[in-house]
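Reader: I should be grateful for a close look at a single part of this chain. Please take one strand, describe its pairing, and then place it within the whole.

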Amino acid sequence: VHASMRAPGQAAWNGLRLVTQRRSGNFALEVSRAFEQQKAVVLRGFARTWPALDRWDDLEVFAEGVGDATAPVEVGGSYVAADRQRVYLADYLMILKHLEEDATGEAKAQVPRMYLAQHDLISDVPSLAEDIVVPTDVIESCGKGHLQRTNFWIGPPECHSPMHKDPFHNLFVHMRGQKSVLLCPSLFSHCLDLHPPPQQNTSRLDFATCNGDVDALFRAFPQLDEAGTEMETATLSPGDALYIPKGCFHYFASEGSKATASVNFWWL
């Protein structure tokens with residue numbers, strides 16, 4: 001394992017090319033253009049009017065609003081190896097609040113890695129549909145325009161998803177905390193040491209050990225030199241969205257001390 005040398009406050013994956021950013025205008029048109037070019041694009045402020053920005057910021061208020069609903073949470077590792085356990089969502093949100101306030105690290109040492117990931121939470125808490133806005137105009141701007149699934153991602157500080165690709169167009173909308181993303185075109189899948197079936201869409205490389213440090217990344221995984229100039233990165237703040245083309249590999253990690261919450265939309 002190669003230790004990260006990222007300076008405090010330095011953006012994750014500093015030195016790699018930044019994903020194209022758009023801050024205003026016709027976001028559906030921007031996604032359509034990115035779709036044609038098979039490129040990612042960051043849409044700054046895309047969800048700035050969504051109710052979730054306020055309703056999810058206070059985790060105690062968020063927990064009060066979900067009642068006694070339960071949801072599946074990955075415990076102990078990424079989706080490749082973790083156990084999925086159904087827990088009370090309010091209890092899970094309060095654990096995240098406790099971890100946010102854990103200045104000494106004692107709570108982190110006592111709580112196993114937990115992540116509510118890739119789950120249609122509206123099926124468990126229908127009222128959450130009022131907190132988000134399905135981006136129909138974006139979905140209908142490219143591909144066949146057929147929404148396949150809406151996923152929720154709610155995780156603690158220092159949470160990450162392994163580098164993987166999806167068989168859908170993807171609009172990832174970030175609502176709480178900060179997340180960094182590292183993108184790698186599918187052309188370089190041979191550099192990623194993919195799992196055998198049925199997880200052949202997921203890399204076995206542990207990007208988390210590099211902690212967002214580019215030098216550590218290429219020391220740990222020199223085979224990525226071939227892809228280096230084509231890899232891209234971005235940091236998402238609440239209200240930002242990221243369009244990821246179908247088949248593009250992506251690795252997400254939370255940044256800072258806040259728990260994170262996001263929603264993504266898959267479509268064909």
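Author: In this predicted model, Lys179 has Ser254 of β13 as its bridge partner. That pair belongs to the contact between strand β10, residues 178-184, and strand β13, residues 249-255, two strands that run antiparallel and are joined by seven bridges. β10 is also paired with strand β11, residues 232-236; here the direction is again antiparallel, and five bridges make the connection. Within this second pairing, Val181 stands opposite Ala234 of β11.

The surroundings of β10 may be described in terms of burial, for which the cut-off is under 20% relative accessible area. Six of the seven residues of β10 fall in the buried class, and the strand is therefore largely enclosed by the rest of the structure. For the chain as a whole, 51% of the 268 residues count as buried. As a general point on such elements, side chains in a regular strand alternate between the two faces of the sheet.

A short distance back along the sequence lies strand β9, residues 169-176, which pairs antiparallel with strand β14, residues 260-267, through seven bridges. One of the residues concerned is His174, whose bridge partner in β14 is Ser262. Both β9 and β14 belong to an open sheet of nine strands with mixed pairing, in which the order is β2-β3-β12-β9-β14-β7-β6-β4-β5. The edges of that sheet are formed by β2 (21-22) and β5 (83-88); each has a single partner strand, so one side of each is left without a neighbour in the sheet.

These strands are part of a chain whose secondary structure amounts to seven helices and 14 strands. Of the contacts with a separation of 6 or more, 79% are made between residues 24 or more positions apart. The C-alpha trace spans about 50 × 45 × 40 Å along its principal axes. The radius of gyration is 18 Å, which agrees with the value near 18 Å that a compact globule of 268 residues would have.

Finally, the surface and the charges may be considered. The chain exposes about 12300 Å², and carbon and sulfur atoms supply 50% of that area. It carries 23 positive and 33 negative charges, and the mean positions of the two sets are 6 Å apart.

Key
Residues numbered from 1 in each chain as written. Predicted model: local features only at pLDDT ≥ 70, side-chain atom pairs only at ≥ 80, totals over all residues. Heavy atoms only, no water. Helix = DSSP H or I, 4+ residues; strand = E, 2+ residues; numbered from the N terminus. Rg over C-alpha atoms; globule rule 2.2 N^0.38 Å. Buried < 20%, exposed > 50% of the residue type's maximum accessible area, 1.4 Å probe, protein only. Contact = heavy atoms within 4.5 Å. Areas by Shrake-Rupley, 256 points an atom, 1.4 Å probe, with all protein chains shown as cover. Lys, Arg positive; Asp, Glu negative; His and termini not counted. Charge placed at Lys NZ, Arg CZ, Asp CG, Glu CD. Pairing = 2+ DSSP bridges.
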